[in-house]
Every structure is written in C-alpha cells, then in structure tokens.
Amino acid sequence: MKRYTITVNGNAYDVTVDEADGTTAAPVAAAAPAPKKAAPKAASGAAGNASINAPMRGTIVDVKVKVGDKVTNGTVVAVLEAMKMENDIVSDKDGVVASVCVNKGEAVETGAAVITINA
C-alpha cells in the first residue's frame, strides 16, 4: 500500500493506493482533502503612526519595502494588481517603515493597510 498527496485545482488530497496482485483491482476511496496550510504572516515591527492603504481591491504582486526602510513622499511601497493592471501604491509622506501588513500574493480590500510608517 502506498500513500500519495495529490493536488487537484488547488485542493490537496491524501490518497492510498493498494497494489493489485494482477487478478483484480478494487477502487480505493479518496480520503478527505488535506488541510490547507495557512499563509505566512507578513513581517512586521511596531505599528507606525501613519498607514499607507490600498486604493482599491486587488492582489499584492510585489512589496518594495521592508521594516526599517526610509521612504519619502512618492516612494513606491507595493504593487497591486487590479483588473489585470498593475498599480503602484506610493507613500504620501516621509518616514520610516514600521510594519509591513501584507504579503506578496495576498488579496486586499479597498482601504486595507499595506504598510505603516513613523512619519
């Protein structure tokens, strides 16, 4: 008997396969889907006194800063994909990044905090 984990359309299934003796092969029922692993939390530091928020719903395709980086007004802090277009999320003030609130590949809603800074 062999165990495999098979992923179909993003769902992982644990499957056990019996080795047939060559005369008959009985189907084996698939087990329940394996639990999905939680996405890792974004790296974060202390919350800052100002936040840079997502201007619209979309998916974060890149995070350009990390905790401790200095940013100025107009610095691109992340890239958001919405409606198949990439949109730069920029800082609207000078400061130091206090925390990064999102991960690459994460879906965000309008107004969700992307980073916090100490201005």
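Strands, as I shall use the word, are DSSP runs of E with at least two residues, numbered from the N terminus. With that settled, let me take you through this structure, which is a predicted model.

I begin with strand S1, residues 2-8, which supplies 3 residues, the largest share of a nonpolar surface patch. The patch covers about 330 Å² and is made by Tyr4, Ile6, Val8 and Val17. Tyr4 itself lies in strand S1. Its relative accessibility is 41%, so Tyr4 counts as partly exposed.

Let me turn to the sheets. One open sheet has 4 strands in the order S3-S10-S8-S5, with antiparallel pairing. Its edges are strand S3, at 50-53, and strand S5, at 70-71; each has a single partner strand, so one side of each is left without a neighbour in the sheet. Within this sheet, strand S8, residues 95-100, is joined to strand S10, residues 113-118, by 4 bridges, and the two run antiparallel. To place one residue of that pairing, Val96 stands opposite Asn118 in S10.

Another open sheet, again of 4 strands with antiparallel pairing, follows the order S7-S6-S4-S9. Here S7 and strand S9, at 107-108, stand at the edges, and because each has a single partner strand, one side of each lacks a neighbour in the sheet. S6 and S7 are paired in the antiparallel sense over 6 bridges. In that pairing, Ala78 faces Ile89 in S7.

What lies in the loop between strand S6 and strand S7? With S6 spanning 76-82 and S7 spanning 85-90, Met83 is found in this loop, and Lys84 has its place there as well. The backbone deserves attention at this point. Most residues other than glycine have a negative phi. Met83, however, has a positive phi, near 55°, and Lys84, also not a glycine, has a positive phi of about 65°. Are these two residues buried or exposed? Met83 counts as exposed because its relative accessibility is 74%. Lys84 is likewise exposed, with a relative accessible area of 79%.

I come now to the charged side chains. Side chains of opposite charge can pair when their charged atoms come close. How many salt bridges does the model contain? The count comes to 4, and I shall describe some of them.

In one of these, the side chains of Glu109 and Arg57 meet, at 3.2 Å from N to O. Glu109 lies in the loop between S9 and S10, while Arg57 lies in the loop between S3 and strand S4, at 58-63, so the pair ties together parts that are 52 residues apart in sequence. Glu109 is partly exposed at 45% relative accessibility, whereas Arg57 is exposed, with a relative accessible area of 58%.

A further salt bridge joins Lys64 and Asp62, whose closest N and O atoms are 3.1 Å apart. Lys64 is partly exposed, with a relative accessible area of 48%. Asp62 is also partly exposed, its relative accessible area being 26%.

Lys66 and Asp69 form a salt bridge too, with 3.3 Å between the closest N and O atoms. Of this pair, Lys66 is exposed, at a relative accessible area of 54%.

To close, I would ask you to keep a few places in view: the nonpolar patch with Tyr4, the loop between S6 and S7 that holds Met83, and the salt bridge of Glu109 with Arg57.

Notes
Residues numbered from 1 in each chain as written. Predicted model: local features only at pLDDT ≥ 70, side-chain atom pairs only at ≥ 80, totals over all residues. Heavy atoms only, no water. Buried < 20%, exposed > 50% of the residue type's maximum accessible area, 1.4 Å probe, protein only. Pairing = 2+ DSSP bridges. Patch = residues over 30% accessible without salt bridge, like charges linked within 9 Å, V, L, I, M, F, W, Y side chains within 5 Å. Areas by Shrake-Rupley, 256 points an atom, 1.4 Å probe, with all protein chains shown as cover.
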